[in-house]
Amino acid sequence: MAYLITGGMGCIGSYVIRDLLNAGEKIIVYDFMQDLTIPRMVLTEEQLEQFTFVQGDITDLPHVLRTIQEHEVDRIIHLASWQVPACDANPPQALKIVCEGTINMFEAARIFGLKRVVWASSVAVFGSPEDYNYQQIENDAPHYPKFIYGACKSMNERYASHYFDEYGVDTIGLRFTAVYGVGRTRGMSSFSTQMIEAAALGKPYVSPFGDDAVDWQYVEDVSKSIVISCTCPATQTRVFNVKGGIRTVKEGVAYLKKLVPSAQITLEPGVFGISWDYDAEPIAEQVGFTPEYTMEQGIFKTLNRFRELAGLDPIQEK
Ligand SMILES: NC(=O)c1ccc[n+]([C@@H]2O[C@H](COP(=O)([O-])OP(=O)(O)OC[C@H]3O[C@@H](n4cnc5c(N)ncnc54)[C@H](O)[C@@H]3O)[C@@H](O)[C@H]2O)c1
């Protein structure tokens with residue numbers, strides 16, 4: 001079995017490469033550039049040699065098709081995307097990369113009859129808490145995207161239904177929340193990783209969203225949800241909410257200060273602007289995924305990985 005991982009040089013992709021290599025799978029990474037900055041934070045030197053890299057652009061359908069054919073790919077993990085700030089800064093290009101790039105994966109799966117496409121949607125398809133009367137957001141709740149990014153992901157979800165209904169293309173979309181962990185360098189919700197890195201390295205950090213309670217979703221759980229989705233039995237539902245656990249930003253800072261009493265983290269007031277409370281029962285029932293990491297476990301592991309990469313001694317658990 002060969003997996004094509006688009007965006008594999010990014011944060012989530014690096015962990016997926018690691019987990020699939022550990023499972024003995026053949027991997028082809030398809031990305032803009034062979035920039036190993038993030039993979040080096042996650043993979044061993046040996047693992048960096050164990051996958052095939054293809055330089056390409058997901059908007060280039062002929063090249064995507066040629067890559068799939070040449071490498072006998074039978075499953076796609078589609079992670080390449082822009083995130084909120086980049087999409088808002090260039091809406092026409094966001095439509096090309098986030099929407100056209102994803103539709104190209106569905107089209108490739110249709111043409112070659114691939115076994116499955118697992119792709120990253122986002123909870124940014126949903127709106128603010130008041131759009132849902134401050135209730136938990138069901139898996140099939142209506143979409144009220146606040147950003148161009150969420151609007152693009154919402155359109156992709158509609159295309160996924162179309163490709164399944166019309167052509168039987170088997171896809172599983174995963175709506176991730178605020179992913180954190182070593183390697184999370186981009187996106188509006190990367191603040192939690194930045195504050196952990198600052199605490200690990202003894203640097204000051206001013207965190208936004210100090211009045212919010214967000215979903216803390218550790219990147220190793222995210223990778224696990226993707227890997228399980230690649231081979232689980234076909235699902236009735238096309239796209240799933242995937243969550244870690246809701247905790248206040250203040251609780252995250254308090255735990256960091258417990259681990260590192262000298263940490264210089266200050267909180268700015270404010271909220272992110274979207275809801276963070278999602279029903280994740282459907283993915284547990286149909287895919288069999290539930291998260292393993294609490295916020296404390298994820299922060300602890302991330303903190304010590306940042307320290308290890310900087311050549312510093314680990315902090316003891318408290
Ligand atoms: N990180 C989060 O909190 C989060 C939350 C919800 C959803 N997601 C989704 O998960 C996926 C992966 O996120 P991530 O945090 O690993 O992102 P990332 O920014 O770390 O990695 C994205 C990768 O995609 C590549 N890429 C971008 N445009 C490309 C193109 N046109 N052709 C080929 N490669 C291209 C980039 O070079 C990069 O390596 C994305 O689809 C993102 O929208 C992430």
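Which element supplies the largest share of the shell around the ligand? In this predicted model, the largest share, three residues, comes from helix α1.

**The ligand shell**

The ligand is surrounded by 27 residues, of which G7, G10, S81, A120 and V179 come nearest. At least two residues of this shell are supplied by each of α1 (11-22), α6 (91-112), β5 (116-122) and β7 (178-180). By residue class, the shell divides into twelve nonpolar, eleven polar and four charged residues.

**M41 and G183**

Two residues that touch each other, M41 and G183, can be described side by side. M41 lies in helix α2, which spans residues 37-42, whereas G183 is found in the loop between β7 and α8 (191-201). Because 18 C-beta neighbours fall inside 10 Å of M41, this residue counts as partly exposed; G183, with 23 C-beta neighbours inside 10 Å, counts as buried, since the threshold for a buried residue is 20 or more.

Leaving aside residues up to four places away in sequence, M41 touches V182, G183 and L309. On the same basis, G183 touches C11, S14, I38, M41, V42 and V219. Of these partners, C11 and S14 fall within the range of α1 (11-22), while I38, M41 and V42 fall within the range of α2 (residues 37-42).

The table sets out two separations, each taken from C-alpha to C-alpha.

| Residue pair | Separation in sequence | Separation in space |
|---|---|---|
| M41 and Y134 | 93 residues | 38 Å |
| G183 and T302 | 119 residues | 9.7 Å |

**The α10 and α12 pair**

How do helix α10 and helix α12 lie relative to one another, and at what angle do their axes cross? The axes of α10 (residues 249-259) and α12 (residues 295-309) come within 10 Å and cross at roughly 50 degrees. That angle makes α10 oblique to α12, and α10 passes α12 in a right-handed crossing.

On the α10 side, the contact is formed by G252, Y255, L256 and L259, which meet M295, E296, I299, F300 and L303 in α12. The residues of this contact divide into seven nonpolar, one polar and one charged. The polar residue is G252 and the charged one is E296, because glycine is counted among the polar residues and glutamate among the charged ones.

Helix α12 also bears on the description of M41, as L309, one of the residues that M41 touches, lies at the end of the range of α12 (residues 295-309).

Methods. Residues numbered from 1 in each chain as written. Predicted model: local features only at pLDDT ≥ 70, side-chain atom pairs only at ≥ 80, totals over all residues. Helix = DSSP H or I, 4+ residues; strand = E, 2+ residues; numbered from the N terminus. Buried ≥ 20, exposed ≤ 12 C-beta atoms within 10 Å, placed from the backbone. Contact = placed C-beta atoms within 7 Å. Axes fitted to C-alpha atoms, helices over the stretch in contact; angles between N-to-C directions. Parallel < 35°, antiparallel > 145°, perpendicular 65-115°, else oblique. Left-handed = near helix turned anticlockwise from the far one by under 90°. Near = placed C-beta within 6 Å.
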